[in-house]
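Colleague: Could you take a close look at the cysteines in this predicted model, and then follow the helices around them outward? I would like one connected account rather than a list.

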Amino acid sequence: MSLKVFERTIRLPRPAQAVFSWLEARGALERLTPPWERIEVVKPAESLRDGTTVELRSRAAGFNLRWKVEHRDYVEGKQFRDVQLEGPFASWEHLHRVDATRAGESDLTDRIEYRPPGGVLGDIVGNWWIQKRLSKLFRYRHAVLHDDLEMASRYGAVRRMRIVVAGASGFVGRALVPFLTALGHEVLVLVRRTPNGPFEAAWEPAEGRIDMHALRGADVVINLSGANIADGRWTSSRREELRRSRLDSTRTLVGAIEAVKHRPFLLINASATGIYGSRGDERLEEESTPGIGFLAELCSDWELESRQAEALGIRVVNARFGLILSADGGALSRMLLPFHLGLGGPIGPRRHWVSWISRDDVLGALYHCMLDQRCRGPVNFVSPEPLRQSQWARCLGAVLRRPAVLPVPAFALRFAFGQMADETLLASTRVVPNRLLRSGYVFRHPTLEAALAHTLGSAPRKPQDVPAATRETGRRQARRRR
């Protein structure tokens, strides 16, 4: 079998040492793992130095695969190599090399030399599939690394912070932790089980208990806890669970903040655009009044509980999340199968509004709120351009190169989910992120086409193939960047 080579280089807006430090940080591997790849880091490496190993578990083409990789040829600030000890390939070596270029920038080169599995057949047939998959993988990895480093450059020198995260195993939390650690911050996660290692601490919010050592020395507390809103019908017992899971966790954290001598400067508490209710074509800003319904009342009570921390001199941000997009969870992951089968379309009325945001922009906006004191109180975590259901479905279909003409009727959703359907899936919320924009946050994915292409790993499309609404949004965002 002949040795195959894949190589890709990207210019990065940071000095070589800063890039290498990012790659060495805890969580960098998880941060660079695409959401469509089913990869689990079973055993992270202690460092990138020679002889350290990392173990991964993945699934590809219907097979469960296990990788064990050893780091070799480490040169501080310059390079390291991953060599497969156990895994699916006949051989695999991945060189990561960082080269300084002009002042303040550097080039990262990923060079992979491998022999495909499957002998002669794998060499002939499998290599095309492997090269295609590697191109998709590194297009994503380099985009993430570039955007993370560009963001770090935009904010300048930031001191290392100690950040406590509740709800770290959820859809946002599991991406937020590696994002923050790769930027060089210390993150401590609150867990409801026995802590495993120095970066976890125990708590039991239903009983108001928390390990007080977790809050000592903390700069920021981020509360993402709460039972899944869309996980089944809203029975009376389910409503109570949704309320208690949010109010108890927030009350426990505020009480712990009050009890420590040196308090964090910021509490970011999750909320949702569901606070506005279904409002038709009304343009909804942070100053807009709450709507009506169970979800609006729940979010209002949740935010009120968090704002008790303001009396302690703590800046409080209520992160009102819209529809968060990522291929590995949330509403988008549930839509992919019918759209792939050509059975997708608008959910409910075509003219209802959808306020959405990419998960990477959620992470970036959370970091922005940490560093910009103008962000306080309610902050809408949505893209600058909400879309109607018909536009939304058409764009997803275009990115997947599938038709999107079969609407999901409202009566079917009501039959399946009851009131939850009316207040979530069928609600019309035209929300705009005024406070993020006014405080200078720059969106990574201002258009739906860009957000979907990124999280699904789709190749960029020609401008004429992009829906007009997303093209215009991209032009406006480009003007803001300039």
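Modeller: With a disulfide taken as a pair of cysteine sulfur atoms within 2.5 Å, the count in this predicted model comes to zero. The sulfur of Cys 369 has its closest cysteine sulfur in Cys 375, and because the two are 3.9 Å apart, they are too far from each other for a bond. Cys 369 is buried, with a relative accessibility of 0%, and Cys 395 is likewise buried, at a relative accessible area of 1%.

Helix H8 spans residues 359-371, and its axis comes within 10 Å of the axis of helix H4, residues 173-182, the two crossing at roughly 55°. At that angle H4 and H8 are oblique to each other, and the crossing in which H4 passes H8 is right-handed. On the H4 side, the residues that meet H8 are Arg 174, Ala 175, Leu 176, Phe 179 and Leu 180, while H8 contributes Arg 359, Leu 363, Gly 364, Leu 366, Tyr 367 and Met 370. Sorted by class, this contact holds eight nonpolar residues, one polar residue and two charged residues.

Cys 395 leads to another helix pair, since it is one of the residues through which H9 touches H13. The axes of H9, residues 389-400, and H13, residues 448-456, come within 10 Å and cross at roughly 40°, so that this pair, too, is classed as oblique, and the crossing of H9 and H13 is right-handed. Alongside Cys 395, H9 brings Trp 392, Leu 396, Val 399 and Leu 400 to the contact, and H13 answers with Leu 448, Glu 449, Leu 452, Ala 453 and Leu 456. The residues of this contact divide into nine nonpolar, no polar and one charged.

In the loop between H9 and helix H10, residues 410-417, lies Arg 401, which has a positive phi of about 60° although it is not a glycine. Most residues other than glycine have a negative phi, which is the reason for pointing out such a value. Arg 401 counts as exposed, with 53% relative accessibility.

A positive phi is also found at Asp 73, where the value is near 55° in a residue that is again not glycine. Asp 73, however, belongs to strand E4, residues 63-75, and with a relative accessible area of 36% it is partly exposed.

Terms used:
Residues numbered from 1 in each chain as written. Predicted model: local features only at pLDDT ≥ 70, side-chain atom pairs only at ≥ 80, totals over all residues. Heavy atoms only, no water. Buried < 20%, exposed > 50% of the residue type's maximum accessible area, 1.4 Å probe, protein only. Axes fitted to C-alpha atoms, helices over the stretch in contact; angles between N-to-C directions. Helix = DSSP H or I, 4+ residues; strand = E, 2+ residues; numbered from the N terminus. Parallel < 35°, antiparallel > 145°, perpendicular 65-115°, else oblique. Left-handed = near helix turned anticlockwise from the far one by under 90°. Contact = heavy atoms within 4.5 Å. Nonpolar A, V, L, I, M, F, W, Y, C, P; charged D, E, K, R; others polar.
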